[in-house]
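Hi everyone, and thanks for coming. Today I'd like to walk you through one structure, so please have it open in front of you. I'll stop for a few questions on the way.

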There are 2 protein chains.
Amino acid sequence: MRKSIATVCVGGSLTEKLEAVARAGFDGVEIFENDLLGCPLPPERVRERADSLGLRIELYQPFRDFEAVAPDRLADNLRRAEHKFRMMERLGAGMMLVCSNVSPLAVDDDALAAEQLRLLAERAADHGIRLAYEPLAWGRHVDTYARAWRIVRMAGHPNLGICLDSFHILSRGSDPAGIEAIPGDKIFFVQLADAPLLAMDVLHWSRHYRCFPGQGGFDLAGLLAPVLRTGYAGPLSLEVFNDSLRQADTGRTAVDAMRSLIALEESVAQVLGTASPLPRPVRPDGFAFAELATRDHKRLGGLLGALGFARTGQHETKPVELWEQGRARILLSRVHPDSPTDTSLVAIGVESPDPALSAERARALLSPALSRHRAPGSARLDAVATPDGTELFFCDSGHPHWREDFDAVTPPEGHIGGIDHVALSHPWDRFDEAALFYRSVLGLRPYESVEAADPYGLLRSRAMSNADGTVRLTLTLARVGPQYPAEQHIALADADIVATARRLRALPENVLLPVPGNYYDDLRARFDLGEERHRELRELGLMYDRDEDGEFLHLCTVTVGRVFFEIVQRICGYRGFGTANTPVRLAAQHTPAPVSPAAPDVRG
Amino acid sequence: MRKSIATVCVGGSLTEKLEAVARAGFDGVEIFENDLLGCPLPPERVRERADSLGLRIELYQPFRDFEAVAPDRLADNLRRAEHKFRMMERLGAGMMLVCSNVSPLAVDDDALAAEQLRLLAERAADHGIRLAYEPLAWGRHVDTYARAWRIVRMAGHPNLGICLDSFHILSRGSDPAGIEAIPGDKIFFVQLADAPLLAMDVLHWSRHYRCFPGQGGFDLAGLLAPVLRTGYAGPLSLEVFNDSLRQADTGRTAVDAMRSLIALEESVAQVLGTASPLPRPVRPDGFAFAELATRDHKRLGGLLGALGFARTGQHETKPVELWEQGRARILLSRVHPDSPTDTSLVAIGVESPDPALSAERARALLSPALSRHRAPGSARLDAVATPDGTELFFCDSGHPHWREDFDAVTPPEGHIGGIDHVALSHPWDRFDEAALFYRSVLGLRPYESVEAADPYGLLRSRAMSNADGTVRLTLTLARVGPQYPAEQHIALADADIVATARRLRALPENVLLPVPGNYYDDLRARFDLGEERHRELRELGLMYDRDEDGEFLHLCTVTVGRVFFEIVQRICGYRGFGTANTPVRLAAQHTPAPVSPAAPDVRG
């Protein structure tokens, strides 16, 4: 199907927008009127520009407050329309979006609306223009596709059809099944947008919070399936109003947008049982490794050693160490001591039953492929760049052949057996992109986005997980400023966190984040844990949470550079991430460390 | 009255918060539980810290989901409460906030709620603690003060009273008049917050968008008057949840908060006819001048000259030039050529019938007084710093004595007769503060906040004006980045903008911002202006708007540094600011200037 995007979805001047969406592979665009009005090029030149980029101008929009008005107003509305038609002829746009009237002057009369739209369609036909009538969710009287379709049918003009917009339909909770009653050739246009499930006025929600399909909470495939069953053959066009996207990098947004349409095409193909545009999904089933780059591998190695890891290998050709404990594998790659980059998480490896196919799918979803310099004989690993720049490697499930490059010895067995989850930090303009990326590329399912109070601002995060919890990520929205603590971390799964905590507390150096005593005083109020258990948690500095399935114990190390480790134990299938304790953890990370002469400085 | 603030209103660690609110002059605080839990100090030490700062701990909050539950839950809820009471005793907090139950497990039974709250009050009394029961706007069953008061009365315990929160009352549109039916000694606590008038779910609105009194759209004085008529003698306490404030400078927010309470005290005194805490308002009645600091006064002087201004004087002792046309007065102060500061607006002078009183009032509203170096014999001008750092001078209405320092000659008379408005640019954390500042200090009334689409993001702005429109400001929310154009400007009132535009277009150098031709093509659709008028507007590059009162013509100059001039003509009492044209203006400001060999570079 043709893929289109409204110019309002991306930032920049009109010509920057056209160039970016053409580069991302779109076939056409909706020209948003304000983008044309602010453009120094006349419509004819915009048309040439679009032509030369291979972009079809699918739609000109929006035309507002036309139908169902008193006769004295109609003349002025037709006059307005004639000017738009002339502009469209110059632009080479063959279809105009007519939004349902929102004015208090609109009359609640479908026959009148149909009659006036028919008149408009006759005028449009003189210019070779077709009209797509869109019921806005906040239309004065016409606010559902069922009613809009009744009016279009009543008007009965070949140049008048309906425009279906997923936001307007799904935000009102309308059932998309009724769309199948509309003949496909009367559906003139389909606009797609997702949105987080928020309880607010639909107008405000629509104008600020729309996002690309797969980034919010709507079932877009469920909407599109009945549309396609009608035989609709027009473009799938994205129309997203979003405060962040307006400021984001134009080219990057265009790629994000295209990825969302490709992933949606796959979802709808699954619903309809038709051919998929993508290589089949390969579900990752574990973490192979996480890689930290650091200026000071000694300090980080010391911390890993304290946690029970051992250095099991050194890469044959690169300054990278392998540290292991059971199947928890951490790579430490050394950066030059003068590098401005402090310790940070730079790569994760996931295990896949078919790494080559995983990588092929990731590339088909427009992930930039990475080629690392590889010595002859080194293991070949496919890798792509993720939205925050972290490298994502695909490794063979259960067969870490790549360890051979490190000539690695057998790892020690301890309570820590693997990586539970990895927390990645995203700039404001990549947070939604990341959710779609991991959803489409790795098949992870997103949890709801949550907020935690940090002493210096809210921290927004969103967890994602595969079905059995063997690959879990938390995506956080990075704040910028020296007052914000690390937001990257690696959580390690521990089979006996009490024993680990006891051992770590007994060390001469302090490697654990201190938890405030007030937390434990309040924990008594939150949970009736019994005196002994409560005392143990307090003494060991363990944080506690509980959900309907089970219990969760966790603690954090001190931070090195941007990174800290979390040790977690899930008991009886707890599925969360201890987010109830996040505000306390964040406050503790802001608290200056107590001065202790015995404590070596392991902070970055 | 005692003034208090919830620790959740400001950013920082708990001790940073206590210090900042004490410095701003608050008498007490509400301790928000999460702030205590994340604090490394035990409650006893927090109490000492508050004592030493002269702060009373007025309230501990929140205690949730207690009342109207099944008997088996009651025991656990009482157990929870006992732990909180013990924490409060250590903290020295004598009152606990009990929010109405929001849980789906709460029973819709006022008698049961009253019975259980009475039980809780008995337990609290054993600890010398009082309970303030607060009906949340989203309470499961109890969501109005009328119902909460019925339950409190039914419970009939001296340690149980009601907490009134302005947000919960006004967001639901409840009439505050009924508050007078509650005995003053049963109103245990009053929490104050304002909010912009948004159509969204009350919970989301409350958690993210609250602001300080005078910054939003609620009638706080109208709420507080009936409260005070009951004889309520407790503190006025601010409780504001706001995403921006959490990240803003702690000390600055505390001062902003205190200013809002002082201004509110004045407003409520007016309603009640009691003594005001402030010097009486003095309404400014015009602009005396605007001052630009520039590295290159020649370039800026050239632009002013082209607009018909003349350099009428030079300051006796300082490198400041006076440029005038009629009563439009612009000061150009020279900064060193190597200064990093490009051309920017640094000061405005407003005319006041009593400048000394104006300044006294501004200082009473916590505006930082400024003392400029002044030569003997120079005119004395009172000045304060505004939220964005612009200096605000108070000058004698109609008597610009300060011109004598410039030994100024008679200004030329032209079409431009004065300053229409000044646009000031504010960082994200000072936008709401500025609205309150100009409202309370200058008595300007705010318009609703509006948004305009800029090619690289939304531009939010809010206009303010005195009653007769002689002092108008527009406050914009500054975006940070090289892609954003100037947002400071000085708008000059022109009695014949057509003549001015004609003269400026005839100049060899191009001093005007080009308006895209597409704007004029669309203007035909928007307004039926007649061919001749339309052609004139297009030829002269004039933008056009209309409201119910009159018409508006305007144009902009090119930008120098951060600043441009707008020339405006208001016809028949038009009251707006041409905001319908803002997206086109912003797009034009992003468009690179056409290369013209004849045009001298007047851009910064």
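Let's begin at a single proline: Pro62(A) sits in strand E3 of chain A, which covers residues 56-63. Before I go further, please remember that this is a predicted model.

What kind of peptide bond joins Gln61(A) and Pro62(A)? The bond is cis, with an omega of about -5°. Now look over at chain B. Pro62(B) is placed in strand E3 (residues 56-63) of chain B, and the peptide bond leading from Gln61(B) to Pro62(B) is cis as well, with omega near -10°.

While we are on backbone angles, here is another spot to find. Asp407(A) has a phi near 50°, which is a positive value in a residue other than glycine. To locate Asp407(A), go to the loop that runs between strand E16 (391-396) and strand E17 (416-426) of chain A.

Now let's step back and see how chain A is divided. The domain assignment gives domain 1, residues 3-272, and domain 2, residues 286-590. How far apart are the C-alpha centres of these two domains of chain A? The answer is 43 Å. In the contact, domain 1 of chain A takes part with 19 residues and domain 2 of chain A with 16 residues.

Together, the two domains of chain A bury about 1,500 Å² between them, and 52% of that is on carbon and sulfur atoms. Which residues of domain 1 of chain A lose the most area to domain 2 of chain A? They are Gln215(A), Arg252(A) and Arg259(A), and together they account for 43% of what that side buries.

Keep your eye on Arg252(A), as we meet it again in a salt bridge. Its partner is Glu433(A), and the closest N and O atoms of the pair are 3.1 Å apart. The count of salt bridges between domain 1 and domain 2 of chain A is three. There are also seven residue pairs in polar contact between the two domains of chain A.

Where does the domain 1 side of this contact come from? Helix H10 (243-247) and helix H11 (250-272) of chain A each supply at least two residues to it. H11(A) gives the largest share, with nine residues. Sorted by type, the residues on this side of domain 1 of chain A are seven nonpolar, seven polar and five charged.

Next, let's turn to what the UniProt record says about chain A. An unreviewed entry has the annotation "binding site" for Glu134(A), Asp165(A), Gln191(A) and Glu239(A). Why can we say that they gather at one spot? They span 106 residues in sequence, but no two of their C-alpha atoms are more than 12.8 Å apart, so they come together in one place. If you want a way in, Gln191(A) lies in strand E7 of chain A, residues 187-192.

UniProt, again from an unreviewed entry, also lists His421(A), His489(A) and Glu566(A) under "binding site". The reasoning runs along familiar lines: these residues span 146 residues in sequence, yet no two of their C-alpha atoms are more than 9.3 Å apart, so they gather at one spot. Here, a good place to start looking is strand E21 (residues 488-494) of chain A, where you will find His489(A).

Finally, let's put the two chains together. Contact between them involves 51 residues of chain B and 52 residues of chain A. The area buried between chain B and chain A is about 4,000 Å², with carbon and sulfur atoms giving 53% of it. In chain B, the residues that lose the most area to chain A are Leu37(B), Arg246(B) and Asn518(B), together 15% of what that side buries.

How many salt bridges are counted between chain B and chain A? There are five. Arg79(B) forms a salt bridge with Asp528(A), and their closest N and O atoms are 4.0 Å apart. Across this interface there are also 23 residue pairs in polar contact.

Several elements give two or more residues to the side of chain B that touches chain A, including helix H4 (71-91), strand E18 (445-454) and helix H16 (517-526) of chain B. The largest share, seven residues, comes from H16(B). By type, that side of chain B divides into 24 nonpolar, twelve polar and 15 charged residues.

That's my tour. Thanks for listening!

Notes. Residues are numbered from 1 along each chain as its sequence is written. Chains are lettered from A and ligands numbered from 1 in the order in which they are written. This is a predicted model: local features need pLDDT of at least 70, side-chain atom pairs count only at pLDDT 80 or more; totals for chains, interfaces and linings use all residues. Side-chain values use heavy atoms; hydrogens and water are left out. Domain bounds come from an automatic or database domain assignment. Contact means heavy atoms within 4.5 Å. Buried area is the accessible area (1.4 Å probe) that two parts lose on being put together, summed over both. A salt bridge is a side-chain nitrogen of Lys or Arg within 4 Å of a carboxyl oxygen of Asp or Glu. A polar contact is a pair of N or O atoms within 3.5 Å; within protein, one must be able to donate a hydrogen and the other to accept it, and residues adjacent in sequence count only if both atoms are side-chain atoms. Helices (H or I, at least four residues) and strands (E, at least two) are DSSP runs, numbered from the N terminus. Ala, Val, Leu, Ile, Met, Phe, Trp, Tyr, Cys and Pro count as nonpolar, Asp, Glu, Lys and Arg as charged, and the others, Gly among them, as polar. UniProt positions are given in the numbering used here, feature names are shortened, and annotations may be inferred rather than shown by experiment.
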